[in-house]
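Take a look at the chains shown here. This report goes through their strands, their helices and the place where they meet.

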Amino acid sequence: MKNNKKFITGAEVAVQACIDAGAEIMYGYPITPGTEVFTGWINRGKDYLQTEDEIAAGFSVCGAVIAGQKSFTATAGPGHTLMQDGFSMAEGMRLPFVEIIAQRGGPSSGTVIYSQQEVTLACLGGNGEGMRIVYSPSSLEEVYLYTRLSFNYAWKYRFPSILLTDGYMLKTRGVVNFEKFKDLKNIDSYPLIKEGEIKHWRNIYTFEEELYEELQNQKKDFEKVRDEIAESEEVEVNDAEVIIIAHGLVAGACKQAVEELRSEDKKVGLWRPITLRPLDSKSLNKVVKGKQKILFIESSMGQLARLVKDELDPELSIKIEYLEKPALGIEVSEIKEFITKNI
Amino acid sequence: MFKLLLAGDGGQGIQLLSNIICESAFEKGLEVTHIPNYGLEQRGGVSLAYIKIDNKKIPYPKFTTPDLMLVMSDQARGRVENHLGEGQEVLDIKDFKEKLDNENIVLRSWNIFFLGAILKRLDSEGLIDMDFAKKYLENKLSSKLGWEDNLKAFEFGFKS
Amino acid sequence: MISNPAKFCPGCGHPIVLMMLEKVLEDMGLKDQAILGLDIGCSLLAWNYLPINTFQTHHGRVTPTMVGYKRAKKDSVVVGYTGDGGAYAIGLQNLLHAAKRDEPIIILAVNNTVYAMTGGQTAPTTLKDQKTSTNPNGVEQEPFFGPELLKTVVHPDAFVARTIVNDPKTCQEYIKKAIETQKAGHFSFVEFLSMCPTAWKTKGADTMKFLEDMKMVFKLGELK
């Protein structure tokens, strides 16, 4: 390590973040490409349990956080599908459940490698309304920062939180400067059910009206969260004619493409959501207003586009083009070619 | 920005080479990314390593056209066909096999031969800390079987 | 003792088991330390039933939830409460593995041979030839023997037993033994043969006869 810089993998970064966040136990089940988060955590000597499947891992995290212990899991693809059972309970009961998702090709077993095809599942999975916090980091340093924030905000706001990344990011080794995070503070966990009190806590209601009311309260809280933590990044948007919208690792490639095209005087900008849920719709609509085109670029068949379009100002009239490469990495050269065709 | 793609069969030492190269570039204070790529099988598939070295932050670890590409097997060659491009240097085992046999470089040390050649190129472009690389290699392999062969291979590669 | 009026059907066996649980916890002075997790089935109706910290989980998932809770709060008395479906169908995987790992939790499974809350469908413990809405011509196979299966994977010091709700003395004895087993760091499981006149469509004496007949199929006692 050189002056607080390390050359490490995304998985190791995630593990470091969980350790620094004060997580005490990880429940997990091996699944590529997320296994290294599990084995990495174990190799650091931390407490864990390998469960019989992802369903058990999810519910064990629920039990742990109910008791007030900072706990998390990591999974991918088909494991992510199974995790919806436990994660749904966390959504319904407002549990500070934290999970790291390593997107891989889907559906079914797909590939063990990479995709951005679990956006819908992460944001809107289970049988609820998507009241979950979802972060999509686009660099190793963001993997660290947003894993830390996932823990903080899960416990502060009581919404289950996801660090949504992918197989490429977790296995990429890169230079990470931890110096800039040294003052980041943790929010403490606390028991949600206390000895000496009597709490009767349900997730099933007898009448429609009871659940409706509960959901209205949750929605109010979720909107407050949006105001406080919804985050996005604007790159060269002010005089841009077309705006690219991308997230995660693809947004990293887009940034490079934008930089190179700008040096050729092409007027392109990038709007990058950092929180997929809640989406920074205020910034989104400010950026796209008056622009000629939106270009969605993602390694899925429009999952990001669907999510973002849902929050576009309904009065907005704008051309939209799509570069959709489900399960495939997207190179800077491809992005530049696509933008050039559309500018 | 320098883009390096290493390709070989699993077991030919591609990841070992990546580690030495990347750590040496990191030691030089540069930004480095490395992303490996394997098949599904635990043994016998193609092993790839994408390496980027730059003096500023690298936003995306993969690329289409490397500046320098190493191909260590027929299986690997097939896999990296669409990474060929203009102006790149390709170190292909088929071009060196005879030379290596003539010089009595053992099969097990072929990857170290190429490491010598690659490090020489990277050093000439100021991308690695050469002393560190040599020490790292020694640390990793000197206590293992065949160190003399490896050393010989390295020096031969460096000279070539 | 009980905090809320029962929403269980008249003649249901759940209130009996729950009352026994509360009594034992009371006698042992452990009500404050106790935490009761519920499956989703008729067991969910116990969510506000006892003056004990209680929370619902998901169908078949009370076992892994209580595993996580206990590991987070080791000084608690952790009880997972479920039915025959939660224990032996959807939750069997989780139950078997918690048992195999000797997780120091208690699982109480109430066996009334049917999925009662959803209307009386076939359960793993439905008796041979018993008719249900999903086997209107009668179930063709023998039922599932949970404690017997668990016995093959548990630690020698774990406690696995089956009793019947019309034997309150043994019910309390087994619950007490389960708690002591947890305190000693081991897994315990108790199956309670119970009645469901609603799903069985029986009345009075017929209900009790059904229950007594279950004893001929499901052996009572501690599995040693």
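## A covered strand

Which residues cover the two faces of S12(A), and are they buried or exposed? On one side sit Val268(A), Leu270(A) and Arg272(A). On the other sit Gly269(A), Trp271(A) and Pro273(A). All of these are buried, and both faces of the strand are covered. Keep in mind that this is a predicted model.

The strand itself spans residues 268–273 of chain A. Six of its six residues are buried, with 20 or more other C-beta atoms within 10 Å as the cut-off.

## Partners of S12(A)

Strands of a sheet pair through backbone hydrogen bonds, either parallel or antiparallel. S12(A) does both. Strand S10 of chain A, residues 232–235, pairs with S12(A) in the antiparallel sense, over four bridges. Here Val235(A) has Leu270(A) as its bridge partner.

Strand S11 of chain A, residues 242–245, pairs with S12(A) in the parallel sense, also over four bridges. In this pairing Ile245(A) stands opposite Trp271(A). How does the chain get from S11(A) to S12(A), and what is the hand of the crossover? The path goes through helix H9 of chain A, residues 248–262. This β-α-β crossover is right-handed.

## A sheet of seven strands

Chain A also holds an open sheet of seven strands. Their order is S3-S2-S4-S5-S7-S6-S13, and the pairing is mixed. Which strands form the edges? They are S3(A), residues 47–50, and S13(A), residues 275–277. Each of these pairs on one side only. From one strand to the next, the twist averages 25 degrees.

At the S13(A) edge, the neighbour is strand S6 of chain A, residues 133–135. These two strands run antiparallel and share two bridges. Val134(A) has Arg277(A) in S13(A) as its bridge partner. A helix also lies across part of the sheet: H6(A), residues 140–157, crosses S5(A), S6(A) and S7(A). Its direction is at about 160 degrees to S7(A).

## Chain B as a whole

Now turn to chain B. How many helices and strands does chain B have? There are six helices and five strands. Along the sequence they follow the pattern β-α-β-β-β-α-β-α-α-α-α. The radius of gyration of chain B is 15 Å, close to the 15 Å that the globule rule gives for 160 residues, so chain B is as compact as a globular protein of that length.

The C-alpha atoms of chain B fill a box of roughly 40 × 35 × 30 Å along the principal axes. Of the 160 residues, 41% count as buried. Take the contacts in chain B with a separation of 6 or more: residues 24 or more positions apart account for 67% of them.

## Where the chains meet

How many residues does each chain bring to the contact? Chain A brings 18 residues and chain B brings 17 residues. On the chain A side, H7, S8, H9 and H12 each supply at least two residues. H9(A) gives the most, with five residues. This is also the helix on the way from S11(A) to S12(A). By class, the chain A side has seven nonpolar, seven polar and four charged residues.

Strands pair across the contact too. S8(A) is joined by two bridges to strand S2 of chain B, residues 31–37. The two strands run antiparallel. Within this pairing, Arg173(A) stands opposite His34(B).

Definitions and conventions:
Residues are numbered from 1 along each chain as its sequence is written. Chains are lettered from A and ligands numbered from 1 in the order in which they are written. This is a predicted model: local features need pLDDT of at least 70, side-chain atom pairs count only at pLDDT 80 or more; totals for chains, interfaces and linings use all residues. The radius of gyration is taken over C-alpha atoms; the globule rule is 2.2 Å times the number of residues to the power 0.38. A residue is buried if 20 or more other C-beta atoms lie within 10 Å of its own, exposed if 12 or fewer, and partly exposed in between; C-beta atoms are placed from the backbone. Two residues are in contact if their C-beta atoms, placed from the backbone, lie within 7 Å. Two strands pair if DSSP finds at least two bridges between them. A crossover is right-handed if, with the strands pointing away from the viewer, the path from the first strand over the helix to the second runs clockwise. Axes are lines fitted to C-alpha atoms, for helices over the stretch in contact, and angles run from 0 to 180 degrees between N-to-C directions. Ala, Val, Leu, Ile, Met, Phe, Trp, Tyr, Cys and Pro count as nonpolar, Asp, Glu, Lys and Arg as charged, and the others, Gly among them, as polar.
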